[in-house]
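Please open the structure in a viewer and keep the selection tool at hand. The tour below proceeds from stop to stop, stating at each one what to select and what is to be found there.

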Amino acid sequence: MVKDEDTLNALRLILKSVGEDANREGLLETPQRILKSWDTLYGGYKVDPDSILKTFESDGYNEIILLKDIELYSTCEHHMLPFIGKAHVAYIPNKRIVGISKLARVVEMFSRRMQIQERLTEQVASFIQEKLEPKAVACIIEAQHLCMLMRGVNKQNSVMTTSSLKGEFLLNQKAREELMNLIKI
């Protein structure tokens, strides 16, 4: 296991490698600030997924449940730069439902890891499918990637959209159309 002092020294070396003086007054505490920020940025690794979803009887409700525009902040594993966007998470209950904030917590847990958007989308949908066993699950993510905006092709208005549809959302055209109309996609 890497000790904090080893990580701090590595961060000082990174500052030096980009042309900075890690002993400059404004940078003296930067390695500590970076390490502290990682607790939030990568906090999803410390969350027990099974602690998130507490389920309840659906009392016969069997229509779409949708939480849309869930803000998300994640880190591209290829460049360690952020991608920022929103997730839309929906399901059609079978017998169980969850408190709506739990859907946002699932997105938060998986997004606070080094990610690619495609995997993040699939992880959210698969986790809800596994834990709730609903008739349908959907996760659609729209995000801007700073690795494209700040470097590389420098395309400022590009938005990447990924989807993972399961059950009735994948198999039933009417269910899928209703979902897309609710999200406005």
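Select Arg-96 and Thr-55: their side chains are joined by a polar contact of 2.9 Å. A polar contact is a pair of N or O atoms within 3.5 Å; within protein, one must be able to donate a hydrogen and the other to accept it, and residues adjacent in sequence count only if both atoms are side-chain atoms. Add Glu-57, whose side chain makes a polar contact of 3.0 Å with the side chain of Arg-96. The C-alpha atoms of Arg-96 and Glu-57 are separated by 4.7 Å, although the two residues are 39 residues apart along the chain. Arg-96 is found in strand β4 (residues 96-98); helices (H or I, at least four residues) and strands (E, at least two) are DSSP runs, numbered from the N terminus. With a relative accessibility of 28%, Arg-96 counts as partly exposed; buried means under 20% relative accessible area, exposed over 50%, and partly exposed in between (1.4 Å probe, protein chains only). Not counting residues up to four places away in sequence, Arg-96 touches Thr-55, Phe-56, Glu-57, Ser-58, Tyr-91 and Leu-132, where contact means heavy atoms within 4.5 Å.

The model is predicted, so local features need pLDDT of at least 70 and side-chain atom pairs count only at pLDDT 80 or more, while totals for chains, interfaces and linings use all residues. Residues are numbered from 1 along each chain as its sequence is written, and side-chain values use heavy atoms, with hydrogens and water left out.

**A second arginine**

Move to Arg-113, in the loop between α3 (100-111) and β5. What is the nearest side chain of opposite charge to Arg-113? It is Asp-48, 8.3 Å away; Arg-113 is buried yet has no salt bridge. Here Lys and Arg count as positive and Asp and Glu as negative, whereas His and the chain ends are not counted. A salt bridge is a side-chain nitrogen of Lys or Arg within 4 Å of a carboxyl oxygen of Asp or Glu. The side chain of Arg-113 instead reaches the backbone oxygen of Gly-44 at 3.0 Å. Leaving aside neighbours within four places in sequence, the contacts of Arg-113 include Tyr-42, Val-47 and Thr-75.

**The strands**

Thr-75 leads to the next selection, since this residue stands opposite Met-114 in β5. Strand β5 (residues 114-115) runs parallel to β2, and 2 bridges join them. Two strands pair if DSSP finds at least two bridges between them. Now display β2 (residues 65-76) with β3 (residues 82-92), an antiparallel pair with 9 bridges. Leu-72 stands opposite Gly-85 in β3. The hairpin of these two strands has 5 residues between them, and there Met-80 takes a positive phi near 55°.

From β3, continue to β6, to which it pairs in the antiparallel sense over 10 bridges. Centre the view on Cys-139 in β6: Val-89 stands opposite it, and Cys-139 also stands opposite Ser-164 in β7. Strands β6 and β7 run antiparallel and are joined by 8 bridges. Why is β6 described as largely enclosed by the rest of the structure? Because 8 of the 10 residues of this strand (residues 136-145) are buried.

**Salt bridges**

In the whole structure, a search finds 11 salt bridges. Select Lys-166 and Glu-122, whose side chains meet in one of 2.8 Å, N to O. Lys-166 lies in β7 (residues 160-167) and Glu-122 in helix α4 (residues 117-132), so the pair ties together parts that are 44 residues apart in sequence. Lys-166 is buried, at 18% relative accessible area, whereas Glu-122 is partly exposed at 34%.

Next, select Asp-39 and Lys-46, where the closest N and O atoms of the salt bridge are 3.3 Å apart. Asp-39 counts as partly exposed at 46% and Lys-46 as exposed at 66%. A further selection is Asp-50, Glu-130 and Lys-131, which are linked in a network of salt bridges.

**An aromatic pair**

The last stop concerns rings; the whole structure has 2 aromatic pairs. In one of them, the rings of Phe-110 and Phe-127 have centres 5.8 Å apart and planes at 75°, so the pair is edge-to-face. Phe-110 belongs to helix α3 and Phe-127 to helix α4, 17 residues apart. Rings of Phe, Tyr and Trp (its six-membered ring) pair if their centres lie within 6.5 Å; planes under 30 degrees apart count as stacked, over 60 as edge-to-face and the rest as tilted. Both Phe-110 and Phe-127 are buried.
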